[in-house]
Amino acid sequence: MSKEKISGSEALMLALKAEGVKTIFGYPGGAIMPVYDALYDYTRGAKQAFQHILVRHEQAATHAAEGYARVSGEVGVALVTSGPGATNTLTGVADAMMDSTPLVVIAGQVPIGALGTDAFQEVDLVGVAQPISKWSYQIRHAEDIAWAVSRAFYIARSGRPGPVVLDFPKNAQTEQVEFQPEKVNFIRSYVDNPTPCEDAIREAAELINAAQRPLALVGQGVELGNAQAELRAFLEKTDIPAGRTMLGLSALPSNHPLNVGMLGMHGNYAVNLKEQECDVLIAIGMRFSDRVTGNVKTYARQAKIIHLDIDRSEIDKNIKTDVAVVANCKVSLPAITALLKKADHHEWRESFKPLDEQERRKVIEPAIHPQEGPLLMGEVVNAVAEQAPDDTVLVTDVGQNQLFATRYFKYHHKRSICTSGGLGTMGYGLPAAIGATFAANRTVVCFMGDGGFQMNLQELGTIMEQQVPVKMVLLNNNYLGNVRQWQDMFWKRRQSFTKMLNPCYEAIAQGYGISYEAVTDRSQLGEAIGRMLAKEGPYLLECAIREDDNVLPMTPPGMNVDDMLLEINV
């Protein structure tokens, strides 16, 4: 007896439901209209399965889905139309690829009979998305929907996570099909969860047991692998100090005694210099980004390098390793820990403290407790961190706001940071914060500069419609601050088109019905933050920031990590 036939669009609904999807971020259009018609029934009444969030731009749909994925640990889903709707998502797809964020983008397409005719809003989405996604595929017929959707989610969430793009021609949306859910959990030649080599585990343990000055570098792979507890057990047994990449900041609490700060160009002074002194360096779920290593020719040349990563392609890509353990760090960390001797590296850890003190005296105290002058970004971030709940999710845009926020916020819980690391996407912050609020019942604070805020400012409409309780902190210095800093340092202060004439943000907030407050003096700051955090619903707090505020410390691009500067003379 044959099953009842349904449309391809309804089959998509059932396939998404089978994957456990709860929230979809999207924007309708002509080539995806049959799917939106099916979605009508699946967002209300007896069939209700999804919450659909109507964004105001397709790029924002992908960033919102990224924020949702980062905080929830689930796959983020974006639904858009063909042509410009699809191409508008590509920045988010590339961002998710760089930052290993599980994302499925479903885009409408012209019917297959019209492909190649330059039909209205036709774009070769599979072709343009292929280099910046884990997988891109065109669902040409309704009978392929169950398999394609299951495979897409499997690829997006497994192994090293990443984005998948599904191109969905209109004929496949309207064709009739006998739908039967499928479950893809194996793809030939795709090893999603490699088994660690026992010899590599043993060699890594031997190096760590013999180390006098070991240093761990903790990346986002710990968060993606849900290996936070395994990381702490590893570090605490061996008494190894640990630095964290920007994306790995919440993998280890800020107040953990073995946390020695943030790695990278604008990270903490001691941990960056000590990379050049350690005798064994253990990289855990991180990719040796150029922003971490500086000049690769001189990076950690004195150290034996152990690299733990689920993605074999990262091994020896940037830094030559002595021992590589290819596996999920949730598996590799306890396997190594079981072979380790209890250790005490008190003297080595104590050697970080004089350098920490230098940074505290020259950089941190002046940044968070200035005595006079205009507000500084660091003091605003620090003041928010002091009042925000411990489980607050930090979201940032890109630029100086990102660097100050990640440096001075406090991390107490896992999955507490959403920021654009690899691609550095201005405009990421506001939509990512929207997505983060739908992922968990936690306070979400989004720090933005005036440049990045205006790149996706239209998402205030999404916030207004959904009453998304994002606490937005606008650090307004009337400049593209990070570019201005580089122009001052490396381009003889020739500030070429970085000064900005900004709108009245109070009027904009009023237009969207969003609570607003401006802070122009530090005497107002603490109480204003308190009002923002106490207020239900969205809130925009605009802080007037010193125009020439600089992010320090800083390793100049291309320089050695131990060339890090604590002050700038320009």
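This is a short tour of two nonpolar cores and two buried residues in a predicted model.

Local features here need pLDDT of at least 70 and side-chain atom pairs count only at pLDDT 80 or more, while totals for chains, interfaces and linings use all residues. Residues are numbered from 1 along each chain as its sequence is written, and side-chain values use heavy atoms, leaving out hydrogens and water.

**Stop 1: the cores.** Select Leu 281, Phe 288, Tyr 299, Phe 409, Phe 447 and Cys 543: of the 67 residues in the largest nonpolar core, these touch the most other members. Such a core is a set of buried Ala, Val, Leu, Ile, Met, Phe, Trp, Tyr and Cys residues joined through side-chain atoms within 4.5 Å; buried means under 20% relative accessible area (1.4 Å probe, protein chains only). Next, show helix H17 (residues 377–387), which gives this core its largest share, six residues. Helices are DSSP runs of H or I, at least four residues, and strands are runs of E, at least two, numbered from the N terminus. A second, separate core of 41 residues includes Ile 6 and Phe 153.

**Stop 2: Thr 396.** Now pick Thr 396 in strand S15 (residues 393–396). Thr 396 is buried, with a relative accessible area of 0%. Its side chain makes a polar contact of 2.5 Å with that of Thr 419 (N or O atoms within 3.5 Å, one able to donate a hydrogen and the other to accept it; residues adjacent in sequence count only if both atoms are side-chain atoms).

**Stop 3: Asp 95.** Finish in helix H5 (residues 90–98), where you will find Asp 95.

Conventions. Buried means under 20% relative accessible area, exposed over 50%, partly exposed in between (1.4 Å probe, protein chains only). Lys and Arg count as positive and Asp and Glu as negative; His and the chain ends are not counted. A salt bridge is a side-chain nitrogen of Lys or Arg within 4 Å of a carboxyl oxygen of Asp or Glu.
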